Amino acid sequence: MEFEKNGNRFFKNDDSGKLIAEVTYIPSGEDKVILDHTFVDPSLRGQGIAAQLVDRVVEEMKSEGKKIVPLCPYAKELFNRKPEKYKTIEAE
C-alpha cells in the first residue's frame, strides 16, 4: 500500500477522504524520534498494514541516520517480536 507523508506522519485516506491508516512520530533531540501512534481502520486489520506503516518510518529514519523509540504499543510489540529486523534502528 502507498502512503502519503505530511509532516511527522504517514497516512492513507480512502476515496471519500476518510482516514484509514496512520502512523505518527515525534522528533526527540537530534538523532531520535518517538513512534507514538499507529492506527488502521478495522476493515483493513489483519493485512499487515500497521507493519507497513512502521516500516515506512523505519526507512525514513534510516535514511536520516536516526533511531526510533517505539512508544506506541503496536510498534513496541512489533520491535520485540522481530528484534533481528529492528535492533539496528531501535534507540537504546
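Which residue stands opposite Ser28 in strand 4? Keep that in mind as we walk through this predicted model, in which local features need pLDDT of at least 70 and side-chain atom pairs count only at pLDDT 80 or more, while totals for chains, interfaces and linings use all residues. Residues are numbered from 1 along each chain as its sequence is written, and side-chain values use heavy atoms, with hydrogens and water left out.

**The whole chain**

Start by showing the protein chain as a cartoon. Three helices and five strands make up its secondary structure (helices are DSSP runs of H or I with at least four residues, strands are runs of E with at least two, and both are numbered from the N terminus). Followed along the sequence, the pattern is β-β-β-β-α-β-α-α. The C-alpha atoms fill a box of roughly 40 × 25 × 20 Å along the principal axes. The radius of gyration, taken over C-alpha atoms, is 13 Å, which agrees with the value near 12 Å for a compact globule of 92 residues (the globule rule is 2.2 Å times the number of residues to the power 0.38).

**The sheet**

Now select the five strands. They form an open sheet in the order 1-2-3-4-5, with mixed pairing (two strands pair if DSSP finds at least two bridges between them). Strand 1 (4-5) and strand 5 (67-70) stand at the edges with a single partner strand each, so one side of each has no neighbour in the sheet.

Next, pick residues 19-28 and 32-40. These are strand 3 and strand 4, paired in the antiparallel sense over eight bridges. Here is the reply to the opening question: Ser28 stands opposite Lys32. Elsewhere along this pair, Thr24 has His37 as its bridge partner. Three residues lie between the two strands of this hairpin, and Gly29 takes a positive phi near 75°.

Move over to strand 5. Strand 4 and strand 5 run parallel, joined by four bridges; Leu35 has Pro70 as its bridge partner there.

**The helices on the sheet**

Select residues 73-81 to see helix 2, which lies across strand 4 and strand 5 and runs at about 115° to strand 5 (axes are lines fitted to C-alpha atoms, for helices over the stretch in contact, and angles run from 0 to 180 degrees between N-to-C directions).

**A stop at Val23**

Click on Val23, which is in strand 3. Is Val23 buried or exposed? Val23 counts as buried because its relative accessibility is 0% (buried means under 20% relative accessible area, exposed over 50%, partly exposed in between, with a 1.4 Å probe and protein chains only). Leaving aside residues up to four places away in sequence, Val23 touches several residues, among them Phe10, Leu35, Leu53 and Val57 (contact means heavy atoms within 4.5 Å). Ala50 is 27 residues away along the chain, and its C-alpha atom is 8.0 Å from that of Val23.

**Rings and charges**

Show Phe79 and Tyr86 as sticks. Both are buried. Their rings form a stacked aromatic pair, with 4.5 Å centre to centre and 10° between the planes (rings of Phe, Tyr and Trp, its six-membered ring, pair if their centres lie within 6.5 Å; planes under 30 degrees apart count as stacked, over 60 as edge-to-face and the rest as tilted).

Finish with two charges. Lys5 lies over the face of Phe10, 5.6 Å from the ring centre, and Arg9 lies over the face of Phe11, 4.0 Å from the ring centre (NZ of Lys or CZ of Arg must be within 6 Å of the ring centre and within 35 degrees of the ring normal).
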